[in-house]
Structure formats: C-alpha cells, structure tokens
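Here is a short briefing on one sheet and its surroundings. Take a look at the structure before reading on.

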Amino acid sequence: MRPDVEAMKADIEQSVALLRRRLDWDVANRKLDELNARVEDPTLWDKPDEAQAVSRERSRLEAQINAVKSMERELEDGIMLADMADEEGDEATLEEARAQLKAIKDRAARAELEALLSGEADGNDAYLEVNSGAGGTESNDWAGMLLRMYSRWAKAHGYEVQIEAEESGEQAGIKSATILVSGPNAYGWLKSESGVHRLVRISPYDAAAKRHTSFASIGVSPVVDDTIVIDINPADVRTDTYRASGSGGQHINKTDSAVRLTHIPTNTVVACQAGRSQHQNREQAWKMLRARLYELELQTREAAAQALADAKTDIGWGHQIRSYVLQPYQMVKDLRTEVETSDTQGVLDGDLDPFMGAALAQRVGETRGSTVE
C-alpha cells in the first residue's frame, strides 16, 4: 500500500473509532432500537409534541449511526480499489481511489466535529444578525460582505437561507440584516460566530486609496421550537410598525408592513419585513424575539454573560473575535483559537469550517491545529 494511502486509512480509522466512542456505540444502537419501537407505537401520536421530539431524536441518532457505517463500508471499498490499482500499476485508478479516500476523510473530520454538537439547542435552525459598526459606507460594505459570506457558507452545506429583515446602506452594503438559516445543527455550527469582525483593506470608496479598518458585529440565536417554552410578558414588549425597505415589490414599500419588537427589560430588538402583511411579520418577529431571549438564557447558563456583553457594547477596537486583513498582506485570523489562513478570498466566499470547527472544539476543551493549509 502506498504511504499516502496508508496515512489516509489511518486517519479515517482514527476518526471512526473516535465517533464510535463518542456515540457509545452499543448504547446508541440500543437506544435507536427503543426509539424505533416508540415511533411505531400508534399511541405516541396522540401527543404530537412528544411524538415530534421522539421522531427528531430518532432521526438524529439514526443519521449518526448510518454515517459511521457508511464511512466504514466506503473505506473498505476504497482501500480495496487502491490495492488493486497498486498491484496492476494503474495510476489513473489509484488516483481515483485517493480521491475517494480524501472525500471520506473530509466527511469523517466533519462528523467528528458534529459529534460535539450536544448543546440544548445545537440541532436547531438559527437566526444570524449582521450589524455594521461606525464608519459609514465602508462599514456598511463590510457588513454586506459578511452577509454574503455566511449565506454562501450556509448554501454550500445544504442549508436554506431566508432574509427576514434588511436595512440597506445609503451608498453601498447594509446597515443591518437578519437571515434565517434552516437545517440540521445550523445553530450549533454558527453559534461561535457571534462577536465583532474586523476588516483591514484599501477602501474602494477612498479616492486617496488609503487603508481603512472597519467593524461589523454578528449575533446568532437558535430558533425556538414548541418544545421550548419562553414566557414573555406582552407588557414588556413595545411594538413599532414602519414601511419596509429593500427588495420586495411595490407592496412592501406602500404599507407599514414591517414590524419591530423591543423587549424593554433586556433592550433586545428584533425586526421582520419578509412577509407581505403586518400579521405575518408580527408573528415571525415574535418567534425571533423568543429566539433572542432564549439565546440570552443559554449564554447565562454557560457563564458567558460577560463575553456576550462585550460583543454587544462597541462594535470596534478591543471586542473583535476575528480579523480579515486584505492589505498590506492577506490573512484571516481568529483571535480566540489562533486559527489563521492566507486564503482570504476562500474565507470570504464561505470557507469557514476550519474556524467554526476550532471554536467548537475549544468550547469542549479539545484542540485543533492553528494553521489552515
């Protein structure tokens, strides 16, 4: 067996073994059998909320177990193909086997990280909010770049992206925007992105071609489903309606259809303008508000209230979690995990997995390499 093939085989076997340990393989299979039996019990469906929770847990566990089994089968097939090609001196087939093993290795690495997503709301959909910092057009443009970056990341991983609210900048970019990212573990992956993001570049809006530093903040909240109860006193919430801005046709700009809710005790503000009626936007805004307040509760439970406060004070110096430097050199560096890469365009196009993975591993006390190849 070629040395590189042997190395990939060892890496995949190590990841699969780790996944089995994290799942507690025998216990996980017994639990799946129990969940299958419960789903097949017709009396379960007399309680829709409980039935949905059981069904979600069954689907999640089944997907994890099937992923491990699939990787084991594909690894065996890939090694067999590589051995045959090596014996026959067939370089083209050997290269095909290498590509198959590389794909399995990448899947195993991602599955290894997803196994860490055991938080209470990690499996939920997520709201991601972008706000530009001080700096006018330059910061608005940076906020727009971040919105594009996260949208591309989400779509590349099969997530659905829906714009819930957007306020355009006067000349370029956006002042703020909120998107709904829907798919398995959306919140678990995105939650570590909350904080201030710093950009250094030659401004395209500066005739003198000087270097500018811009800031924008990212906030992430889990979508709260019916199994999680968040009590909000309506008297604590101020409701404002206004004309929606941005795309959406003639109707969206002719009526006060957009809704903004302010939770006065926590000064939490959400807005929605995606719906075509004030009723639709009001309903969605309440969902967003419950999500934001639930996120605050999760932060408190994790003893991260101070970090959250820092991220929401000044969108500027001293609060950033990641720097994106385009001039005088090319570098994106996460200031929490020390992960960095010179592939700035790749990151801005949505290649965020190394940063998210390192932050996720750091949360559970594991380590990852600090340099992205």
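How many of the 8 residues of strand 4 are buried? The count is 7, so strand 4 is largely enclosed by the rest of the structure. Buried here means under 20% relative accessible area. The model is predicted.

**The sheet**
- The sheet is open and has 8 strands. Their order is 2-3-1-5-4-9-10-11, and the pairing is mixed.
- Strand 2 (160-168) and strand 11 (340-341) stand at the edges. Each has a single partner strand, so one side of each lacks a neighbour in the sheet.
- In general, strands of a sheet pair through backbone hydrogen bonds, either parallel or antiparallel.

**Strand 4 and strand 5**
- Strand 4 covers residues 195-202, and strand 5 covers residues 211-222.
- The two run antiparallel and are joined by 8 bridges.
- His-197 lies opposite Ala-216 of strand 5.
- Arg-201 has His-212 in strand 5 as its bridge partner.

**Strand 4 and strand 9**
- Strand 4 also pairs with strand 9, in the parallel sense, over 5 bridges.
- Val-200 has Val-325 in strand 9 as its bridge partner.

**Helix packing**
- Helix 5 (residues 137-156) packs on the sheet.
- Helix 5 touches strand 1 (126-132), strand 2, strand 3 (174-182), strand 4, strand 5 and strand 9 (320-325).
- The direction of helix 5 makes about 45° with that of strand 5.

Notes
Residues numbered from 1 in each chain as written. Predicted model: local features only at pLDDT ≥ 70, side-chain atom pairs only at ≥ 80, totals over all residues. Heavy atoms only, no water. Pairing = 2+ DSSP bridges. Helix = DSSP H or I, 4+ residues; strand = E, 2+ residues; numbered from the N terminus. Contact = heavy atoms within 4.5 Å. Axes fitted to C-alpha atoms, helices over the stretch in contact; angles between N-to-C directions. Buried < 20%, exposed > 50% of the residue type's maximum accessible area, 1.4 Å probe, protein only.
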